[in-house]
Amino acid sequence: GLGDVYKRQRLNAALRSLSERQRRRLLAFYLDGKNKSQIAKEENVSEGSIRESIRSGLAQLKKSLKNF
């Protein structure tokens, strides 16, 4: 229904508010099921960098969706 459309629009807007890097890493982790080590290897960065991107991206999403 309309509620579902609204929820999807809010989620999409929140995801767009993330940096491209944060969005890519969050989606790889949560939707693609990749672990942080796999993502780090694919992007040729440290696992700590992936961990921080995911952590900060989630914090930003929570803030964006606070009253959701």
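In this predicted model, Ser53 makes a good starting point, because a relative accessibility of 9% falls under the 20% limit and so places Ser53 among the buried residues. The residue is found in helix α4, which spans 47–64. Its side chain is joined to that of Arg25 by a polar contact of 2.7 Å. Leaving aside residues up to four places away in sequence, Ser53 touches Arg21, Gln22 and Arg25. Arg25 therefore appears twice in the surroundings of Ser53, as a residue in contact and as the partner in the polar contact between side chains, with contact in general meaning heavy atoms within 4.5 Å.

The picture is a different one at Asn44. This residue lies in the loop between α3, which covers 36–43, and α4. Its relative accessibility is 70%, and because exposed means over 50%, Asn44 counts as exposed. The backbone deserves a glance here too: Asn44 has a positive phi of about 55°, although it is not a glycine. Most residues other than glycine have a negative phi.

From the loop, attention can turn to the interior. The largest nonpolar core has 11 residues, namely Ala14, Leu15, Leu18, Leu26, Ala28, Ile39, Ala40, Ile50, Ile54, Leu61 and Leu65. At least two residues of this core come from each of α1 (2–16), α2 (20–30), α3 and α4. Helix α4 gives the most, with three residues. In soluble globular proteins, nonpolar side chains tend to be buried together. Ala14, one of the core residues, offers a local view of the packing: not counting residues up to four places away in sequence, Ala14 touches Leu61, Ser64 and Leu65. Among these, Leu61 and Leu65 also belong to the core.

The model also has pocket space to explore. The largest pocket has a volume of about 160 Å³, and its lining is made up of Leu11, Leu15, Leu26, Leu27, Tyr30, Leu31, Leu58, Leu61 and Leu65. By residue type, the lining divides into nine nonpolar residues, no polar ones and no charged ones. Helices α1, α2 and α4 each supply at least two residues of the lining. Here it is α2 that gives the most, with three residues, whereas in the largest nonpolar core that place goes to α4. Leu15, Leu26, Leu61 and Leu65 are found both in the lining of the pocket and in the core.

Note on methods
Residues numbered from 1 in each chain as written. Predicted model: local features only at pLDDT ≥ 70, side-chain atom pairs only at ≥ 80, totals over all residues. Heavy atoms only, no water. Helix = DSSP H or I, 4+ residues; strand = E, 2+ residues; numbered from the N terminus. Buried < 20%, exposed > 50% of the residue type's maximum accessible area, 1.4 Å probe, protein only. Polar contact = N/O pair within 3.5 Å; in protein donor to acceptor, adjacent residues only side chain to side chain. Core = buried A, V, L, I, M, F, W, Y, C linked by side-chain atoms within 4.5 Å. 1 Å grid on protein atoms, 1.4 Å probe; cavity = no way out; pocket = protein on both sides within 12 Å on 5 of 7 lines; lining within 4 Å. Points joined across faces, edges and corners; volume = space filled by probe spheres on them. Nonpolar A, V, L, I, M, F, W, Y, C, P; charged D, E, K, R; others polar.
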